Amino acid sequence: MDSKELVIPSHIAIIMDGNGRWATERGQLRLFGHRAGVKAVQTIVEAARSLGVRHLTLYAFSTENWQRPASEVSGLMALLQNYLKSELQRMLRNEIRLHCLGDAEQLPKDVRVILEETMAKTAHCTGMNLNLALNYGSRAEILRAVQTLARACEEKSLHWADIEEAHFVRELYSAPQPDPDLLIRTGGECRLSNFLLWQLSYAELYFTEVKWPDFGRDELIEAIRAYNARQRRFGRTGEQVQAGGQA
Ligand code: IPE
Ligand code: IPE
Ligand code: MG
């Protein structure tokens, strides 16, 4: 199947893993891998945009990643800051709107400032939403939503028995964007590592041994090809889906 005939998932989420091992294999320090990882981000953002992906969510730094050596954490933050600085013009040219999933308050001030500036300057862009998950943890996101709803109940603006999925989803960092259709994890591990636990309920999962710095446009198309070979049943039977009974 030619890539032009593929159904492009509206929302792709990626756990960009394997930078450290990619560097170690080359006898280099881990930061060398993260630097190569930034290039892969640029390639994949551009590829996703040109393929017609509407929402791209990239897991860049987890709440657990603070436990890494301080030098690696500060190196990652510096790379992030430089990435955001260098990408603004390209984002504007390609009509890409930047969002942040996670608690940006705890990021270093320099990073927070450029992040907020980039989000504000791209707020009018409608070509593709680029969600960077930064200081993101799915359990923390869920707890935060629960706390907000609990407060609303305490303040009597909401009754506990009236809480619906829609109320909860509205409080997630990802609101109002739809759930991912396809989750890709590079680097060979088959786990979610606290990423979008609620939102991935019905995503198609794709794990590849390819380490993030080697993940390019062809690898993205390969993942989309695998997605096209899946049948999403959402609890129904295959026959019902084939008969067009998905609604
Ligand atoms: C992913 O690559 C990048 C971040 C978590 C920031 P890793 O740094 O986790 O690479 P490996 O898994 O150690 O190879
Ligand atoms: C997940 O990768 C987080 C990001 C890609 C940002 P990790 O490398 O931190 O995941 P674990 O520790 O192997 O589960
Ligand atoms: Mg890793």
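Which residue has a backbone N or O atom that lies 3.4 Å from an oxygen atom of ligand 1? In this predicted model, that residue is Gly18.

## Polar contacts of ligand 1

The backbone of Gly18 is one of several places where the protein meets an oxygen atom of ligand 1. On the side-chain side, an N or O atom of Asp17 is 2.8 Å from an oxygen atom of this ligand, and a polar side-chain atom of Arg21 lies 2.7 Å from an oxygen atom of ligand 1. Taken alone, ligand 1 exposes 380 Å², and the protein buries 86% of that area.

## The shell around ligand 1

The residues that surround ligand 1 include the run Met16, Asp17, Gly18, Asn19, Gly20 and Arg21, to which Arg30, His34, Ala60, Asn65, Arg68 and Leu76 are added from further along the chain. By class, this shell is made up of three nonpolar, five polar and four charged residues.

Two helices, H1 (19–25) and H2 (30–51), each supply at least two residues of the shell around ligand 1. Of the contributors, H1 gives the most, with three residues. The space that ligand 1 takes is the largest pocket.

## Polar contacts of ligand 2

For ligand 2, the polar contacts described here involve side chains of Arg68, Arg191 and Ser193. A polar side-chain atom of Arg68 lies 3.2 Å from an oxygen atom of ligand 2, while an N or O atom in the side chain of Arg191 is 2.8 Å from an oxygen atom of the ligand. In the case of Ser193, the distance from a side-chain N or O atom to an oxygen atom of ligand 2 is 2.6 Å. On its own, ligand 2 has 390 Å² of accessible area, of which the protein covers 78%.

## The shell around ligand 2

Around ligand 2 are Ile15, Met16 and Asp17, then Tyr59, Ala60, Phe61, Asn65 and Arg68, and finally Arg185, Arg191 and Ser193. Sorted by class, these residues comprise five nonpolar, two polar and four charged. Strand S2, which covers residues 55–62, gives the most to this shell, with three residues.

## The two ligands side by side

Ligand 1 occupies the largest pocket, and ligand 2 sits in the largest pocket as well. Met16, Asp17, Ala60, Asn65 and Arg68 are listed around both ligand 1 and ligand 2. Among these residues, Asp17 has a side-chain N or O atom 2.8 Å from an oxygen atom of ligand 1, whereas Arg68 has a polar side-chain atom 3.2 Å from an oxygen atom of ligand 2.

Technical notes: Residues are numbered from 1 along each chain as its sequence is written. Chains are lettered from A and ligands numbered from 1 in the order in which they are written. This is a predicted model: local features need pLDDT of at least 70, side-chain atom pairs count only at pLDDT 80 or more; totals for chains, interfaces and linings use all residues. Side-chain values use heavy atoms; hydrogens and water are left out. A residue is near a molecule or strand if one of its heavy atoms lies within 4 Å of it. A polar contact is a pair of N or O atoms within 3.5 Å; within protein, one must be able to donate a hydrogen and the other to accept it, and residues adjacent in sequence count only if both atoms are side-chain atoms. Accessible areas come from the Shrake-Rupley method with a 1.4 Å probe; for residues, only the protein chains shown count as cover. On a 1 Å grid over the protein atoms alone, a cavity is a set of points where a 1.4 Å probe fits but cannot get out, and a pocket is an open set with protein on both sides within 12 Å along at least five of seven lines; lining residues have an atom within 4 Å of a point. A molecule sits in a cavity or pocket if more than half of its atoms lie within 2 Å of its grid points. Helices (H or I, at least four residues) and strands (E, at least two) are DSSP runs, numbered from the N terminus. Ala, Val, Leu, Ile, Met, Phe, Trp, Tyr, Cys and Pro count as nonpolar, Asp, Glu, Lys and Arg as charged, and the others, Gly among them, as polar.
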